[in-house]
Amino acid sequence: MGIQTRGKSSAAVKKKSVVRKSAPRRAAGAYKFDAAAETMPRAEIARLQLRRLKTSLKNAYDNVPFHRRRMKALGFEPGDLKHLDDLAGLPFTLKTDLRDHYPFGMFARPRTEVVRLHASSGTTGKPTVVGYTAKDIATWADLMARSMACAGSRPGDVIHNAYGYGLFTGGLGAHYGAERLGATVVPMSGGSTERQIVLITDFGARVLCATPSYALAIAEVAEKEGVDLRRSKLEIGIFGAEPWSEAMRREVEARLGLKAVDIYGLSEIMGPGVACECVEAQAGLHGWEDHFLFEVIDPDSGKAVKDGEAGELVISTLTKEALPMIRYRTRDITRLSTERCACGRTHVRIKRITGRNDDMLIIRGVNVYPSQIEAVLVGLPDVAPHYQLVVERKGTLDHLTVEVEMVPNIVPTPELRKVVGAAVQHHIKSIIGVTADVLVKEPGEIPRSMGKAVRVRDLRPKLN
Ligand code: DLL
């Protein structure tokens with residue numbers, strides 16, 4: 001059922017709706033819509049969560065010294081958990097805890113049972129490493145397939161996967177999910193935009209998986225090349241891995257002629273597929289509560305916010321084997337809604353993530369901490385430890401410029417600046433994985449601060 005849009009206006013293209021008004025129906029083919037799991041009454045979800053949480057806490061207690069030590073210090077044993085609310089008595093887990101136990105110290109299974117590793121940016125030079133047992137990979141594939149079906153994809157679709165393959169969880173996460181769904185996956189990864197456009201068109205992709213900013217970049221390049229992707233078979237975009245706005249949703253929907261659906265996840269918890277919007281409502285992401293427990297806290301006090309209020313999302317895993325997480329502080333700001341959804345699913349909705357409460361930047365899908373850049377700079381002999389990161393939106397993509405200074409005792413000739421700039425750029429790319437322009441300034445030119453140094457000038461338009 002492709003979009004037949006030849007000769008139609010963009011309004012007509014938009015009208016070509018893929019929304020199924022009724023409750024999600026049982027899909028044919030490999031993937032079966034699991035009504036029992038997805039429309040479970042909320043009281044039943046809570047009972048399942050309590051049962052699974054006990055098992056998950058026991059897994060952490062028995063197998064991860066870090067968790068056992070902390071529970072013991074409180075005189076708490078997994079069997080003491082009687083109600084879901086009791087979880088609030090346990091301490092949070094932070095990204096730095098993963099770093100402090102680098103690389104495998106938080107794993108609850110011997111390395112030989114870990115079939116896959118992924119990694120995301122840590123706050124300094126060391127990445128955050130996550131591991132999966134074969135069962136974890138199967139659960140992830142199931143949840144990604146569930147998310148993709150929720151987003152309107154179905155068995156038999158061609159799914160063009162432009163999330164990056166590699167240590168980033170986006171590529172392989174979407175890949176396994178698409179296969180599990182019973183779709184035909186095109187493992188394109190990011191980059192080679194012209195080629196993406198050719199293959200989307202020639203292979204008849206119905207679904208595009210990408211970061212929203214890259215989806216817009218694909219639209220832009222296609223327009224420049226005179227290819228109207230609104231006339232392609234694309235109907236669904238499954239976009240995530242970075243914050244985006246309703247305005248951006250409208251734009252990408254109009255330019256690609258599809259329904260753009262938000263997907264959320266993070267490596268520490270699993271990867272993409274922790275939560276996903278339904279195509280029916282496009283109004284918040286269903287967080288899969290049979291596998292995760294969601295809390296929203298006031299980031300300052302650490303206490304739960306009132307129902308429906310905004311705060312920081314905290315997630316505990318209920319079924320992970322290799323890397324159980326207890327009260328992981330995501331730093332993502334959002335609200336939860338348990339209001340009934342038009343699609344019939346009962347799982348909580350995580351409202352659009354509006355930002356983060358730490359200094360992590362997401363540049364074209366790559367997580368970047370200023371402290372990581374700093375770690376690179378201090379390792380370079382001619383560069384002073386003064387820097388600023390300037391983030392701008394150029395066209396549809398985020399662009400990072402790193403402003404650095406040479407050390408004062410060197411005469412910064414234009415040639416030397418060029419060499420130093422290239423070295424900084426190379427190290428940032430190879431260590432952090434992000435492409436940045438580097439501007440080498442005169443000694444003393446980077447503004448000095450009287451208090452907290454201003455490391456980031458984020459000039460991107462604010463999200464609504
Ligand atoms: O970005 C996993 C992912 C891949 C999600 C593909 C969706 C699609 P990390 O690299 O560990 O994992 O980055 C996780 O990205 O804490 C958020 O700050 C941000 N993020 C992810 N999805 C969204 C979204 C993947 N839909 C961090 N909206 C998270 C806003 C998002 N921010």
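Two strands count as paired when DSSP finds at least two bridges between them. With that in hand, welcome to this predicted model, where an open sheet of nine strands shows mixed pairing and a ligand has 98% of its exposed area buried by the protein.

**The sheet**
- The strand order runs β4-β3-β5-β6-β7-β8-β9-β14-β13.
- β4 (184–187) and β13 (336–337) are the edge strands; each has a single partner strand, so one side of each has no neighbour in the sheet.
- Further in, β6 (residues 236–240) and β7 run parallel and share five bridges, and one pairing to look for joins Gly-237 to Ala-260 of β7.

**Helices packed on the sheet**
- Helix α7 touches β3 (158–161), β4 and β8 (271–277), with its direction at about 175° to that of β3.
- Helix α10 (residues 246–256) contacts β5 (207–210), β6, β7 and β8, and its direction makes about 130° with that of β7.

**Around the ligand**
- The shell holds 21 residues, and Asp-262, Ile-263, Ser-267, Asp-332 and Arg-356 come nearest.
- By type, the shell comprises 10 nonpolar, seven polar and four charged residues.
- Both α7 (169–181) and β7 (259–266) supply at least two shell residues, with β7 giving the most, at five.
- Backbone polar atoms lie by ligand nitrogen: Ala-241 at 3.1 Å, Glu-242 at 3.2 Å and Pro-243 at 3.5 Å.
- Taken alone, the ligand would expose 610 Å², of which the protein buries 98%.

Key. Residues numbered from 1 in each chain as written. Predicted model: local features only at pLDDT ≥ 70, side-chain atom pairs only at ≥ 80, totals over all residues. Heavy atoms only, no water. Near = heavy atom within 4 Å. Polar contact = N/O pair within 3.5 Å; in protein donor to acceptor, adjacent residues only side chain to side chain. Areas by Shrake-Rupley, 256 points an atom, 1.4 Å probe, with all protein chains shown as cover. Helix = DSSP H or I, 4+ residues; strand = E, 2+ residues; numbered from the N terminus. Nonpolar A, V, L, I, M, F, W, Y, C, P; charged D, E, K, R; others polar. Contact = heavy atoms within 4.5 Å. Axes fitted to C-alpha atoms, helices over the stretch in contact; angles between N-to-C directions.
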